[in-house]
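Here's a quick tour of a protein model for the bench. Have a look at the sequence and the fold before reading on.

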Amino acid sequence: MIALTLFALYSAGAWVMLRSVNNARLNPLAWGLTLAAIFAHSAAIVRMMRSLGPFSIGLLEAVSMLAWTLAVVACFIAVEKQNRSIGAILLALAAFGAALTGSGHTYAEETAPGWELTAHILLSMWAAALFLAAAVAALVLVFLDRRLRAHRLADLPSVLPPLDAVEKVMFRLIGAGFVLLTLALLTGFIFVTNLRTQHLEHKTILSCIAWVLFGVLLFGRIRYGWRGRAAVRWTLSGFGVLILAYFGSKFVLEYLLGRHWG
């Protein structure tokens, strides 16, 4: 029931948020549904943590937590009315992630993780959510660019923001995500004591590759003014590697090798 309720709240919030772009009277309802979904999702996560005691989250629960973070990111994006359609897309994605709440496995631990590991996990989750939002913005850019090149501007949905505005949002998200990913990697290198024992080698290597890809993209943007298709390719490539680093590695370990890590 919790998963279905969260899915319904997020879906309704996404739909009304999208409609509110052209109908200001729907603004209170859009924000009310969205905040209700986030609060309900927060309560479900807190309840799970309190009932289980010390534990490591499994793949599906990690997706649920990523969905919660993505919904919060969507709220910040949707503050600007012209970007509200992107926020609505992110809320729709959060609905599917929230629908997995309570359906995954958790793994009991003898002791609760220290604040160092908790900080590392939270930083990683926020970075992943920001880069996911940037990838969504990149896909919207692809859609707008193709319509532009095909001279089909009249067919563009009125709820979508201008191409330049989407690109601006994308690079803001990438910049913020890069800072958090840098901090996540630093905390991982400092506080994770044994990468091999904890099965973290592949995750660490892939995360570093993603960090390099996003770093090159930001350098190219600042130094050479990269934009358009080149920026989209770098963004989607970096995001793909980052998701493979965390969720791909987690899937292999949990479902193929029968192991886990936090």
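What follows covers confidence, one helix and one pocket.

This is a predicted model, so to speak of local features a pLDDT of at least 70 is needed, side-chain atom pairs count only at pLDDT 80 or more, and totals for chains, interfaces and linings use all residues. Residues are numbered from 1 along each chain as its sequence is written, and side-chain values use heavy atoms, with hydrogens and water left out.

The protein chain averages a pLDDT (the predictor's confidence in each residue, from 0 to 100) of 85, and 83% of the residues score at least 70. Here are the two ends of that scale, with helices (H or I, at least four residues) and strands (E, at least two) taken as DSSP runs numbered from the N terminus.

| Element | Residues | Mean pLDDT |
|---|---|---|
| strand β2 (lowest) | residues 106-108 | 54 |
| helix α4 (highest) | residues 84-98 | 95 |

Where pLDDT is low, don't read the predicted coordinates in detail.

Helix α4 is mostly covered, with 11 of its 15 residues buried (under 20% relative accessible area, 1.4 Å probe, protein chains only). Among the buried ones are I86, L90, L91 and A94.

Now for the second largest pocket: which elements give two or more residues to its lining? They are α5 (115-149), α6 (163-191) and α8 (228-256), and α5 gives the largest share, 5 residues. The lining includes D145, R146, R149 and E167.

Key. 1 Å grid on protein atoms, 1.4 Å probe; cavity = no way out; pocket = protein on both sides within 12 Å on 5 of 7 lines; lining within 4 Å. Buried < 20%, exposed > 50% of the residue type's maximum accessible area, 1.4 Å probe, protein only.
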